[in-house]
Amino acid sequence: MAVRAFSRSKFSTFSSILLQGLKRTPIRENPFPPKPSSPVSQIQSCQPICGFRLYHDGRPRGPLWRGKKLIGKEALYVISGLKRFKDDEETLGKFIKNHVLRLLKLDMIAVLTELERQEEVNLANKVFNVIRKQDWYKPDVYLYKDLIISLAKSKKMDDVMVLWDCMKKEDLFPDSQTYTEVIRGFLSTGSPADAMNIYEDMKQSPDPPEQLPFRILLKGLLPHPLLRNRVKQDFEELFPEQHVYDPPQEIFGSC
């Protein structure tokens, strides 16, 4: 019993001395400090990196969103259907009758504008013919302008002249940009005589003349000095302060 009591007292004394030593001795630093976190992990997910977000907010990007957010679902369906059946005239006619004619005014104009933007000029021409037959249609020079320019850029000059005659019957006058693109289209297809006919029509326009159509003609008529001299003379009378470049005579002959 005496030995057991002595061992208990010795253990209690040793533990009290150990606790006192722990209180006096400062805690040493950890010899193995934690590794610093990578800079990528420190960036919050809501903060942009170089102007970009770290998450996708669900909206379409760029022109897809800006171009399609103003077009209704029915108009988008009609556009895809017209493009799908454009090589089958019979099916295309049925689709136009069953779907295009059911569109509202704004949707029909949106279809026309989108087809022009996608350079589907044949389909755009068909839709425009449908629009002209609607009760709400009123002659609009801008509808003609956009379609004529699209056709001219695609070198569909026969369709351009059909619309040109229709526009004149509705007492509408083209602007300088329309004249420029039609003249450019005829020159690019090798029809300087038709380009001169449009030029003569432009001279009768009530709008004041601009330099660009003249310069397009002066450049495109270089191989035709007689026609070019007529345009050059009119240009110098209308714009006496402007200079006309004449190429060396040995290239295209005397101008």
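**Exercise 1. Characterise helix α4 by its span, its buried face and its surroundings.**

*Solution.* Step 1: α4 covers residues 73–84, and its 12 residues reach 16 Å from the first C-alpha to the last, close to the 16 Å expected at 1.5 Å a residue. The expected span is 1.5 Å times one less than the number of residues. Helices (H or I, at least four residues) and strands (E, at least two) are DSSP runs, numbered from the N terminus. The model is predicted: local features need pLDDT of at least 70, side-chain atom pairs count only at pLDDT 80 or more, and totals for chains, interfaces and linings use all residues. Residues are numbered from 1 along each chain as its sequence is written, and side-chain values use heavy atoms, with hydrogens and water left out.

Step 2: the buried residues of α4 are A75, V78, I79, G81 and L82. Viewed down the axis of α4, these buried residues fall within an arc of 170°, so they line one face of the helix. The arc is that of the directions from the helix axis to the C-beta atoms. K73 and R84 are exposed on the other side of α4. Buried means under 20% relative accessible area, exposed over 50%, and partly exposed in between (1.4 Å probe, protein chains only).

Step 3: the cover over the buried residues of α4 includes α5 (89–98), α6 (105–117) and α7 (121–132).

**Exercise 2. Examine α6 in the same manner: which elements do its buried residues pack against?**

*Solution.* Step 1: the 13 residues of α6 should span 18 Å at 1.5 Å a residue, and its end C-alpha atoms are 19 Å apart, which agrees.

Step 2: D107, M108, A110, V111, L112, E114, L115 and E116 are buried in α6. They pack against α4, α7 and α8 (141–153).

Step 3: after α6 comes E119, whose phi is positive, near 65°.

**Exercise 3. Which residues have the most contacts inside the largest nonpolar core?**

*Solution.* Step 1: a nonpolar core is a set of buried Ala, Val, Leu, Ile, Met, Phe, Trp, Tyr and Cys residues joined through side-chain atoms within 4.5 Å. The largest one has 54 residues, and L82, V111, Y144 and L217 have the most contacts inside it. α7 gives the most to this core, with seven residues.

Step 2: not counting residues up to four places away in sequence, L217 touches I183, L187, A195, M196, Y199 and V231. Contact means heavy atoms within 4.5 Å.

**Exercise 4. Describe the environment of E181 and G185 in helix α10.**

*Solution.* Step 1: E181 is buried, with a relative accessible area of 14%. Leaving aside neighbours within four places in sequence, E181 is in contact with I149, A152 and K153.

Step 2: G185 is also buried, with a relative accessible area of 2%. G185 touches A152 and M157, not counting residues up to four places away in sequence. The C-alpha atoms of G185 and A152 are separated by 5.2 Å, although the two are 33 residues apart along the chain.

**Exercise 5. Place these helices within the whole chain: how many helices and strands does it have?**

*Solution.* Step 1: the secondary structure of the protein chain comes to 14 helices and zero strands.

Step 2: of its 255 residues, 32% count as buried.

Step 3: among contacts between residues at least 6 apart in sequence, 55% join residues at least 24 apart.
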